[in-house]
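Hi,

Here is the structure I said I would pass on. Have a look, and my notes follow underneath.

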Amino acid sequence: MAVLDTKPLTTYLRNVLFSKKSRPLPFPQLFDHFQKLIAENNRALETMADMGEKLGSEFVFDQKYINSSVTSITESVYRMIYHLDCMAPKQFHELFSVYNSIRSELESELNGHMVIPEGDFIISYGAIDDALETMVGGKNAHLGIVGNVLGLTIPPGFVISSRCFDILLRTGQNQEEVNDIIGKWQDGTYATGEASDRLTQLIVSLKLPKSIRKGIERGVAEVTARFSNSRPPTFAVRSSAIGEDSEHSFAGQFESLLNIEASEIPEAYKKVLASLYSPRAMEYRRTKNIKEAEAVMAVGCQAMIPAEASGVAYTLDVFNLQQKNILISSVFGLGAALVGGEQQADRFRISRKPPYEVCGMEIVHKKTKVQPRQSKGGIRSKLLDQNLCDRPSLKPEQLRLLAETAMKLESFFKHPQDIEFAFDQQEQLVILQTRALNIEQSKPHLVCDLSSMEANYPILMEGKGTIVQEGVAMGTVRLVKSEEDLIDLPQGSILVAHYSSPNLAQTIKRVSGIITDIGSPIGHLSTIAREFRVPMIIGTGNGTKILQNGAEITLDANVNRIYGGLKTELCYYEFTEEPFEETYEYRLLRRLLKKISPLALFDPASKNFTPQACKTLHDLIRFVHEQSVKVLIRKNYVNDSYIKDYARKLALDIPLDLTVIDFAICSLDKKEKLTLETIASPTLKTFSAGMCIPGLWAREPVAVDMKSFMSSMTRTFAANVGTPHSIGQNLAVTSGDYLNVSLHLGYHFSMIDTICSEKDNENYIYFRFFGGVTDETRRSRRAQFIQQVLSQSDFMTTTKGDLVVSRIKGAPRQNILEKIYILGALVSFTRQLDVKMINDTTIGKFVQKFQDILQQNKTMPLEDLYEPRQTC
Amino acid sequence: MSQDRPVRILLLDDEPIVSKRLKPALERKGYCVETFTDSLDALSHFRQFPFEIVVTDLKMEGIDGMEFLTEVKKMRPETEVIVITGFATMETAKESFRQGVLDFLAKPFKICEMMNAIAKAVERIDREPQ
């Protein structure tokens, strides 16, 4: 039995007691906080991953789940900050206010209040995605997706965001006045008309702050630059209200102004803004019980398209459902009078299937066309050229292009669409607006007894593989065996391939569904399919054998079934259901996750690695974790003699700079070098032995190709862009049965947290791995490699992108040690593996290679580790 | 399914999203589905039109799921009950099994898990003598 050497402790206590500086925490307490912090860190990351997974279409969750998950993760993050604050008192106090502001935003969202994020006043259409909906409004968000995700032509333009609305009407004196008028309207002092007049008056007489005016000028300049060879554009200034279901309920209630000169935009903006308080809109909100606080507006400013012809397309002819056609109405010139129902229009009925045949047309006698006024702005009606009066306003090839585009929009938004379009002077199709077509009246005709239809369509495959993206797709099978098969891929095909290779992603805008024999739900193609909402099933095993090239099939990726033939009834049935992505709960979870998951803080060496730079809970988690490790390593290692005696560099056969702090050791011979043989902690010894297995640690420098390098520079999830040195130290902290190892190797992060004791119930291993220098595809291949290796070793493993989380719980000590040995080997082997993972076949190859090396080195003398050791 | 008419399923959850997502998936399989968000409504409906399968949440306003399923079993013991709940504790699970519940799913769950539970229930219904 060793005698406890109290000298270091006495020195430590003396330092503590007689130090003039603020008193550092006794080390055991410090370490206790660290351990608790790590536990919360793991819990928070797990909750975050769990919430992210629920966005996948297979899960059913409710608001209670969302509430409890948000509570759980916010509490964990709070506790992390609390423990860090205990470890380093007052050093990171700003974290509390950053945390509070993120938390209060999350809570507002949960309580159904609209949180207008702090953001730009002006947002270019080119920068819009669906995440910006609360900034730009539903209509603008849709249009942004049409342009930026689907790559269709939309008018150049910008949005005056809801942030401007917020600044103008929700702050200072204006807010008081608005609230006063609304209060008096609500208590009956003012009639609706009077309240509306007063609010309109208030808004049109507002003086826009310089920042907003400058923003508008910049927006105009950006659009004008695209018209360098012609006359400067005029603008359509359109409302885009924000809030759930705003598309349907407010349709046509707000103002849209056409042909506005750039200099008149600020005035037009105010007019459109004021239409939020038109008597009709106010009454509507009152009857629908929509809170005034939820009435928020963004305004889109689109360059006017000098349209040769314009109109409206319904992807499903709701007036004649039996025919199942696309219905197009069009006129020469601008479509304003058509939309308003003031002008007679040509009508075309087009088949919903390629090659989109014209099934019928009614050409009316058109006397006039609407045009922008040459001066003063606005629009006017002009007599139409005699020769054109009885001609169809659209040509056959324009009709086909329009039909094809309309069906693309329908299949993306998973609902029949009501589309406003124009053909410009170059005959280019421009989408002005798209929204869900109101099919409420038609629902009874669309619904049928699906089970009775079952007999008409043979089931070709059922329940095989994994659903990546829900939905129904109908089309012709295109078997893809080589790159050449991708050329001339017909629009609307269902792509069937052996591997879910990233190459196939180039076809995503043309295919209506994807089926593969082999694949991973976290692979690149899966990610893209989800983004484009293309129904996809992977891992069917033999889809390429069963499905014949050229055959017409229906892929029902809601229930994982593939039918022979085109089961149109199923497709129409789908329309009557609200897509998962449109449900309130889905959107709420998505909005919350935007404030939780994105990680912007990645490089601890950067100047921006500060509490103030934390925008999401993930940023906070990352920051706090990094700082806690630093507190342990730096502060105490350098200044604290107690710790100094316990922190040692571990010298191994591999060039790994690992600092070890072992609290279980009572005394330390300073001269004794810490080597594999002299490590006291059996867990750390096992882990290190695993790392040192010959043949695992790649010694040759790995050439990072240009593509990988560039991708690492441009990646947004750049948790790993810095050099390995800038990212921090490698640290192993151990105390008896507990071991925590944080490693930053070759651009990836891994963390092992484990208890390995005689009590099976207390034992666990938690392993987390993410990052890499290469593109997302290669990193996720490495993640798949890790998943396969660990799944074979009985770990419960989940992956999300390049994040792998694996755990084992409640296993006997011997078992835990065996797994720790494998983890050591794995960390060593995967150090630069992503660079080598050039295609999907490498995954299996490396799994085999790793298992072979492990097999040859099975003889790790684990029993040596059972020697009784000295403990304090 | 051996019956000529489709199996009738009652879905009860106070959060409409659960029924909204399950109903179409079950209808596609050929089941006849009715959904409720209020347990008293569901109970009075069940009294008039019995269902072969009931899927219910446990924690709800009004009478809670446990009472509801107890009533259901009293009225029609052969009805198969599947419980879904967000607050699954061993105690509630045990209690519901004592009441003759066939299966127990914790929210959030996968649609395919529910499909398997329903398939199990249908199998039992088919086995029972009519």
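Let's start at A:Val237. Skipping neighbours within four places in sequence, A:Val237 touches A:Leu257, A:Ile260, A:Ile265, A:Ala268, A:Tyr269, A:Val272, A:Val299 and A:Cys301. Bear in mind that this is a predicted model.

Where does A:Val237 sit in the bigger picture? A:Val237 is among the residues with the most contacts inside the largest nonpolar core, which has 92 residues. Others on that list are A:Ile160, A:Ile265, A:Leu273, A:Met297, A:Ala298 and A:Val299. The top contributor is helix H15 (residues 396-413) of chain A, which puts in 7 residues. Both domain 1 (156-303) and domain 2 (309-423) of chain A supply at least three residues each to this core. There is also a second, separate core of 73 residues, and its members include A:Ile38 and A:Ile102 along with B:Val83 and B:Ala121.

Next, a hairpin in chain A. Strand E13 (residues 417-423) runs antiparallel to E14(A), with 7 bridges between them, and A:Asp418 faces A:Arg435 of E14(A) across the pairing. The two strands are linked by 5 residues, and in this hairpin A:Glu427 has a positive phi near 65°. E14(A) itself covers residues 429-436, and 7 of its 8 residues are buried.

Last one: helix H6 (residues 138-148) of chain A is mostly covered too, with 10 of its 11 residues buried. The buried set in H6(A) includes A:Lys139, A:Asn140 and A:His142, as well as A:Leu143, A:Ile145 and A:Val146.

Cheers

Key. Residues are numbered from 1 along each chain as its sequence is written. Chains are lettered from A and ligands numbered from 1 in the order in which they are written. This is a predicted model: local features need pLDDT of at least 70, side-chain atom pairs count only at pLDDT 80 or more; totals for chains, interfaces and linings use all residues. A nonpolar core is a set of buried Ala, Val, Leu, Ile, Met, Phe, Trp, Tyr and Cys residues joined through C-beta atoms within 7 Å. A residue is buried if 20 or more other C-beta atoms lie within 10 Å of its own, exposed if 12 or fewer, and partly exposed in between; C-beta atoms are placed from the backbone. Helices (H or I, at least four residues) and strands (E, at least two) are DSSP runs, numbered from the N terminus. Domain bounds come from an automatic or database domain assignment. Two residues are in contact if their C-beta atoms, placed from the backbone, lie within 7 Å. Two strands pair if DSSP finds at least two bridges between them.
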